[in-house]
Amino acid sequence: MKPSALVKKQIITRPFTLGVILLSVWFLWSFNSNEQYGGYEWLVYYLIALIAWEPVAAWLREGGRWVPAAELFFLLHLQYYVSPFVNAKEEILELQPDLRIKIGLVVALYLAVCRVAYYFLRAMADKSRARRIEILDRRLDFGPRQYIAWVGLVAWTLFSMALQRNWLPELGANLNLIRSFFSAVGTLSMFILFYELGTGHLKRIATYFLISVTLVCMFWSISSGFLVGATIQAAVSLVAFSIGRKKIPIPAMLILIAVLSFLHAGKMEMRYQLWDEGKNYSTTERSVLDVYQLWIASSWKRITSTDSDEGKVPTIFDRGSLLQYLARVVEATPEELPYLNGNSYVESSAGFIPRIVWPDKPSGGAANDNLSIYYGFQTEDGVLKTAVGLGPICEAWGNWGWFGVCLI
C-alpha cells in the first residue's frame with residue numbers, strides 16, 4: 001500500500017474530517033472574539049486538539065469494537081489543555097506568549113508520543129487478530145460465581161451504610177484494610193452482575209434489584225461529600241454492561257455526567273456548611289436526607305446565580321483545567337526549582353506495598369501532594385483538606401523535562 005493511501009486510510013476518515021470541521025469552527029469563532037493570542041499559539045493548540053481527537057475518530061471508524069479507554073484518555077486533553085486556552089481563561093491570558101507556546105508544544109509532544117505508542121500496540125494486536133477476540137466480543141462465563149457476586153454487592157452496600165452512619169466499632173489502623181477489602185469485593189461483584197445484565201442473563205426482578213442496590217450504594221457514597229467513589233462505581237457498571245451488551249450506553253453516560261456536574265456545582269458550599277473546620281468530614285451526625293437537601297439547594301443556587309450575586313462559579317469543566325498548573329511547572333523547572341529526578345515516582349511506588357506490611361506507609365496521594373507543595377500550589381496543611389491533581393505531564397516535566405515527557 002502506498003504511503004499516501006495508508007495515511008488516507010488511517011487518518012482521513014469521515015469521523016476525523018467531522019472533528020476537523022467542528023474544531024475549526026470552535027477555533028475560528030474564538031479567534032474572532034479574542035485577539036490577544038498570536039497565530040503560532042492558535043496553530044499549536046489546534047494541533048493538540050487534532051491529536052486528541054484522532055484516536056476517537058479511528059475508534060468510530062472501526063465500529064467501536066473495543067472499550068474506548070485510551071481514546072477517552074486522549075479526548076480528555078481537550079478539556080485539560082485546549083479548552084482553557086481557547087476560552088481565554090484569565091490565568092492563561094496572564095502568561096507570556098512564549099510560555100504559552102512552550103507548554104503547548106510540551107502537551108503536543110506528550111500526546112504524539114502516546115499516540116505513536118498506542119498505534120504500534122494496536123498494530124501488534126491486529127497481526128494476531130485470528131488468535132485474539134476484541135473485549136466487546138468476548139463471552140465470559142461466571143456460572144455459580146453470580147450468586148457469590150450478589151452476596152458481595154449486598155455486603156459492600158451494608159458496609160458503606162454502616163461506615164457513613166458510624167455504626168461500626170472503632171477499627172483504628174485496620175479501617176483502611178477492611179474498607180479496601182469490601183471495596184474490592186463490591187467492585188468485582190458489581191462488574192460481574194452488570195456484565196450479566198448486559199448479556200441479558202438477569203431476570204427482570206434481579207435487574208430491578210441490582211439497579212436499586214447500586215443506586216443505594218452510590219447514594220450513601222455521595223452522602224460522604226465525595227463524588228469520586230460513586231463515579232468509580234458508575235464507571236465500573238457502565239464498562240461491564242458495555243462488554244456484555246457489546247455497545248456503549250451513551251444515554252446513561254450523559255445522565256451520569258449531568259448528575260455529577262450538578263452536584264459538583266454546590267459541593268464546596270455544602271462542605272463549608274457541614275464539615276468541621278480544617279477537616280474533610282463532619283463529627284456531627286446528620287440525616288442523609290438533610291445532607292442531600294442542603295447539597296441540592298447549594299447546587300441549584302450556584303447554577304442559577306449571576307456573576308454579580310455570587311461571583312462566577314467554576315464548573316466541573318473549569319476544575320478540569322490543567323494548563324495553568326503545567327505553565328507553573330514548566331516555567332519554574334529547572335530555572336527556579338531543580339528537577340526531581342524520579343523522586344515522585346519512587347514515592348508513588350510505595351502504593352504497591354500493602355499497609356499490613358508497612359503500617360506507617362504514606363497515603364496513596366502523598367506523591368501528588370508533595371508535588372503540589374513543591375511547586376507552591378498547596379501548603380502542608382492544605383493537602384490535608386483537599387487534593388490538586390496536576391496530571392502526568394506536570395509530574396514528567398518536574399522530574400526530567402523534555403526527556404520525562406517522552407519517557408512517561
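Me: Which polar atom pair links the side chain of serine 237 to the backbone oxygen of glutamine 233, and what makes it a polar contact?

Reply: The backbone oxygen of glutamine 233 lies 2.9 Å from a polar atom of the serine 237 side chain. A polar contact is a pair of N or O atoms within 3.5 Å; within protein, one must be able to donate a hydrogen and the other to accept it, and residues adjacent in sequence count only if both atoms are side-chain atoms. The model is predicted: local features need pLDDT of at least 70, side-chain atom pairs pLDDT 80 or more, while totals for chains, interfaces and linings use all residues. Residues are numbered from 1 along each chain as its sequence is written, and side-chain values use heavy atoms, without hydrogens or water.

Me: Why is serine 237 called buried?

Reply: Its relative accessibility is 5%. Buried means under 20% relative accessible area, exposed over 50%, partly exposed in between (1.4 Å probe, protein chains only). So serine 237 counts as buried.

Me: Why does leucine 47 count as partly exposed?

Reply: Leucine 47 has 41% relative accessibility, so it counts as partly exposed. Leucine 47 lies in helix α3, residues 39-61.

Me: How do you know that the span of helix α4 agrees with its number of residues?

Reply: Helices (H or I, at least four residues) are DSSP runs, numbered from the N terminus. The expected span is 1.5 Å times one less than the number of residues. For the 18 residues of α4 (residues 69-86), that gives 26 Å; the end C-alpha atoms are 25 Å apart, so the two agree.

Me: Which residues of α4 are buried?

Reply: Among them are Glu71, Phe74, His77 and Leu78.

Key: Helix = DSSP H or I, 4+ residues; strand = E, 2+ residues; numbered from the N terminus.
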